[in-house]
Amino acid sequence: MLILGIETSCDETSIAIVKDGKEVLSNYISSQIAIHKEYGGVVPEIASRHHIKNIATILEESLEQAKVTLDDIDYIGVTYAPGLIGALLVGVSFAKGLSYGKNIPLVPVHHIKGHIYANLVENNVEFPCIALVVSGGHTNIIYIDENHNFTNLGGTLDDAVGESYDKVARVLGIGYPGGPVIDKMYYEGNPDFLKITEPKVDGYNFSFSGIKTAVINYVNKMKMKGEEFAPVDLAASFQGTVVDILCKKVLKACAEKNVKQVIIAGGVAANSLLRSELKRRGAEQGVEVSYPSMKLCTDNGAMIAAAAYYKLKKGYVPEKNLTLNGIATLPIDKEIETQL
Ligand code: KG4
Ligand code: ZN
């Protein structure tokens, strides 16, 4: 089964062609990071304009790389939620046009499910498993059973992990996106420099706002006093605290649910400390931890094609007139209610 995956929810325009949810024939990603960098974050209007400008060429490139034509495509998977509304609409409208024009059934894909299924492209994942979802907009611990039914065990009560990385980065003056830079700075700084109190949050919920504020308050205090400080120490203390909390909660969920497999999903899955620490601590508990390769951690079309494949396998029947309720704002816990 050949699926064309389209992703335009934020600042990456990507189109991929994936065979049977596993074999990536092409995964063309056009990143707009360099364009948005100078504004310190993604400017929605500019993002939409670049998607429009590039998407048709990206389709051509992707088909060429995969050495197929639209006539070979069985289904089109497209990110329909959540994300920037204007950006999503470019991908969805383009997908609808292709679908009508070439009579190819359309499969709407939730962006976070795309990140989760990115794990199945390259790795053999045992079910049931626990998915740790860590992105710019989400932080969730999700239980997935053998039949791919999802249960949300908990999520953030305030900021998402990626969001707090980006906010801390802004205060430290290291630009956008903050995650990859803070990740590098961790190894140059002292993680014990700033003692950050771990927020008391019940169950599998999280709170990152206080951790972010602890760093921001320290920076403001030092600036007010006119004293020097080393940003690497703050970056290290922040990352150390965040990764510790994520690891503890995920492994607690594994113990309680008797799960032996964890997958990490979302942009923050690229974090080197989260990958190594969760793997190390998981091994002590007999838990296997896997994550996608770096290219599949960023927003990309291949993960959307893979998620569309598993949605179809689970019995999704493409609709002729896709209405897409909840486009742009639908969080993963609401999407889970549909169980497809
Ligand atoms: O999944 P994603 O590409 O976009 C959303 O769907 O939200 O995630 C983007 C987020 C950004 O907040 C970025 O700072 C973060 O992922 N990120 C990282 C790393 N690479 C990207 N955070 C921590 N460490 C990284 N290495
Ligand atoms: Zn994403």
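Trainee: Why is E163 called partly exposed?
Mentor: This is a predicted model, and its values are computed. E163 has a relative accessible area of 27%. Buried needs under 20%, and exposed needs over 50%. The value of 27% falls in between, so E163 is partly exposed.

Trainee: What makes E163 and K167 a salt bridge?
Mentor: Their closest N and O atoms are 3.1 Å apart. The cut-off is 4 Å, so the pair qualifies. The two residues sit four residues apart in helix α5, which means that about one helical turn separates them.

Trainee: How do you know that K167 is partly exposed?
Mentor: K167 has 32% relative accessibility. That value is neither under 20% nor over 50%, so K167 counts as partly exposed.

Trainee: Which other salt bridge does K167 form, and at what distance?
Mentor: K167 also meets D159, at 3.6 Å from N to O. The limit is 4 Å, so this pair counts as well.

Trainee: Why is D159 called buried?
Mentor: D159 has 8% relative accessibility. The bar is under 20%, so D159 is buried. D159 forms a salt bridge with K212 too, with the closest N and O atoms 2.8 Å apart. That pair links distant parts of the chain: D159 is in the loop between β8 and α5, K212 is in helix α7, and their positions lie 53 residues apart in sequence. K212 is buried as well.

Trainee: How many salt bridges does the whole structure hold?
Mentor: The search finds 13. One network links E198, D244, K248, E277, R280, R281 and E284.

Trainee: E7 is buried, so how do you know that it has no salt bridge?
Mentor: The nearest side chain of opposite charge is K311, 13 Å away. A salt bridge needs 4 Å or less, so E7 has none.

Trainee: What joins the side chain of E7, in strand β1, to T79 and H111?
Mentor: Polar contacts do. The one with T79 is 2.6 Å, and the one with H111 is 2.9 Å. The limit is 3.5 Å, so both distances fit. Beyond its close sequence neighbours, E7 is in contact with residues including D299, N300 and M303.

Trainee: What makes H111, H115 and D299 donors of the zinc ion (ligand 2)?
Mentor: H111 (NE2), H115 (NE2) and D299 (OD) lie 2.1 Å from the ion. The cut-off is 2.8 Å, so they count as donors. Along the chain they follow the spacing H-x3-H-x183-D. H115 is in helix α4 and D299 is in the loop between α10 and α11, so this pair ties together parts 184 residues apart in sequence. Both H115 and D299 are buried.

Trainee: Why is α4 called mostly covered?
Mentor: Eleven of its twelve residues are buried. Among them are H111, K113, Y117 and V121.

Trainee: How do you know that the span of helix α3 is close to the one expected?
Mentor: α3 has 18 residues and reaches 25 Å from first C-alpha to last. At 1.5 Å a residue, 26 Å is expected. Its buried residues, including L88, F94 and L98, pack against β1, β2, α2, β4 and β5. N103 follows α3 and has a positive phi, near 55 degrees.

Trainee: What makes K252 partly exposed?
Mentor: K252 has a relative accessible area of 46%. Exposed starts over 50%, so K252 stays partly exposed. K252 lies in helix α8 and touches G203 and Y204.

Key:
Residues are numbered from 1 along each chain as its sequence is written. Chains are lettered from A and ligands numbered from 1 in the order in which they are written. This is a predicted model: local features need pLDDT of at least 70, side-chain atom pairs count only at pLDDT 80 or more; totals for chains, interfaces and linings use all residues. Side-chain values use heavy atoms; hydrogens and water are left out. Donors are N, O and S atoms within 2.8 Å of the metal (3.2 Å for Na, K and Ca); water is not among the atoms, so sites may look incomplete. Buried means under 20% relative accessible area, exposed over 50%, partly exposed in between (1.4 Å probe, protein chains only). The expected span of a helix is 1.5 Å times one less than its number of residues. Contact means heavy atoms within 4.5 Å. Lys and Arg count as positive and Asp and Glu as negative; His and the chain ends are not counted. A polar contact is a pair of N or O atoms within 3.5 Å; within protein, one must be able to donate a hydrogen and the other to accept it, and residues adjacent in sequence count only if both atoms are side-chain atoms. Lists of a residue's contacts leave out its neighbours within four places in sequence.
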